[in-house]
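Student: Could you walk me through a structure and show me how to read its main features?

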Amino acid sequence: MSDSGYIMPVSTGSGKQMKNKIKVFRAMHDLTQEALANELGVTRQTVLAIEKGKYDPSLELAFKIARYFGVSIDEIFIYE
Amino acid sequence: MKQNTFYILAGIVGLIEVGLFYLSVQLSNPMLITVGFIAAVLLLYAAQRLITDRRVDERSALINQKAGMATFMVFWVIIFATSLGSAVIGLGAPSFPHPPTPKGELGVSNASIGVPDSIMGATHAARDIPDHGMIRLGYFGYMQLALLFLMFFSYVGFRVYYARKYGEWETDEE
């Protein structure tokens, strides 16, 4: 964990990758990326990068996302 | 302060620094640009804390961190290599004193102090040249500036690379 309190996304090298259902939950709540980003305190590019699997969020941000949608983390993020 | 206002301020400060450098050379006063540069950095550091519309989140912090680390990794290798080269030049320099000239002056070859003969005569008495050590230090400054520019452009390059990697310019299909 870094000084800023977030965990660096780490490639496991095992061929597995993190997938997520943020786009689905966002659609269910009728939210734009910009609106979700504002709620989470990040930029829209960050939400977009997470949705596209370009960036794995920190544990803190993952919890924020899960709590915002009122579900557990493993309902949104899938490690496969 | 808005982010764009900060960029304008940074541009103005940059132009002032160029002017200060020119003035410093004209007046042969190295302290002018040295103090001026430190003051400019402090001013910009203070100004960037006043930016209100900048949002730095964990992804952009990660991009900055990765780019900085990659730049550092490249830079220390280059600094080490050039320092080793400089050390070899220093160790290879003759350490014996020059033979005295008829009037008791030191005959100094311009080539030995890194000054081309086209600029000055073939040899000069020591009193004609201000300070050999300072001239060498000045040439060393050129190399340092070149390395710093290399560092800056390396950082920009790595910043672009990691920004692309972490989806900075991804298109949105919303």
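Tutor: Let's go through confidence, fold, core and chain contact in turn. Keep in mind that this is a predicted model.

Student: Where do I start with confidence in chain A?

Tutor: Start with the average, then look at the extremes. The mean pLDDT of chain A is 83, with 80% of its residues at 70 or more. Among its elements, helix α4 (residues 59-69) of chain A has the highest mean, 94, and strand β1 (residues 18-20) of chain A the lowest, 88.

Student: Over which residues of chain A does pLDDT stay under 50?

Tutor: Residues 1-10 of chain A. The model has 14 contacts beyond four places in sequence for that stretch.

Student: And the fold?

Tutor: Count the elements, then read their order. Chain A has five helices and two strands, running β-α-α-α-α-α-β along the sequence. Next, check sequence separation: of the contacts in chain A with a separation of 6 or more, 57% join residues 24 or more positions apart.

Student: Which residues touch the most other members of the largest nonpolar core?

Tutor: A:Val47, A:Ala49, A:Ile50 and B:Tyr166, out of 16 residues in that core. Two or more residues each come from α3 (44-51) and α4 of chain A and from α3 (58-92) of chain B. The largest share, four residues, is from α3(A). Zoom in on A:Val47 and you'll find A:Gln33, A:Leu36, A:Ala37 and A:Val42 touching it, leaving aside residues up to four places away in sequence.

Student: How many residues does each chain bring to the contact?

Tutor: Chain A brings 16 residues and chain B 13. Then ask about chemistry: the chain B side has eight charged, three nonpolar and two polar residues.

Technical notes. Residues are numbered from 1 along each chain as its sequence is written. Chains are lettered from A and ligands numbered from 1 in the order in which they are written. This is a predicted model: local features need pLDDT of at least 70, side-chain atom pairs count only at pLDDT 80 or more; totals for chains, interfaces and linings use all residues. Two residues are in contact if their C-beta atoms, placed from the backbone, lie within 7 Å. Ala, Val, Leu, Ile, Met, Phe, Trp, Tyr, Cys and Pro count as nonpolar, Asp, Glu, Lys and Arg as charged, and the others, Gly among them, as polar. pLDDT is the predictor's confidence in each residue, from 0 to 100. A nonpolar core is a set of buried Ala, Val, Leu, Ile, Met, Phe, Trp, Tyr and Cys residues joined through C-beta atoms within 7 Å. A residue is buried if 20 or more other C-beta atoms lie within 10 Å of its own, exposed if 12 or fewer, and partly exposed in between; C-beta atoms are placed from the backbone.
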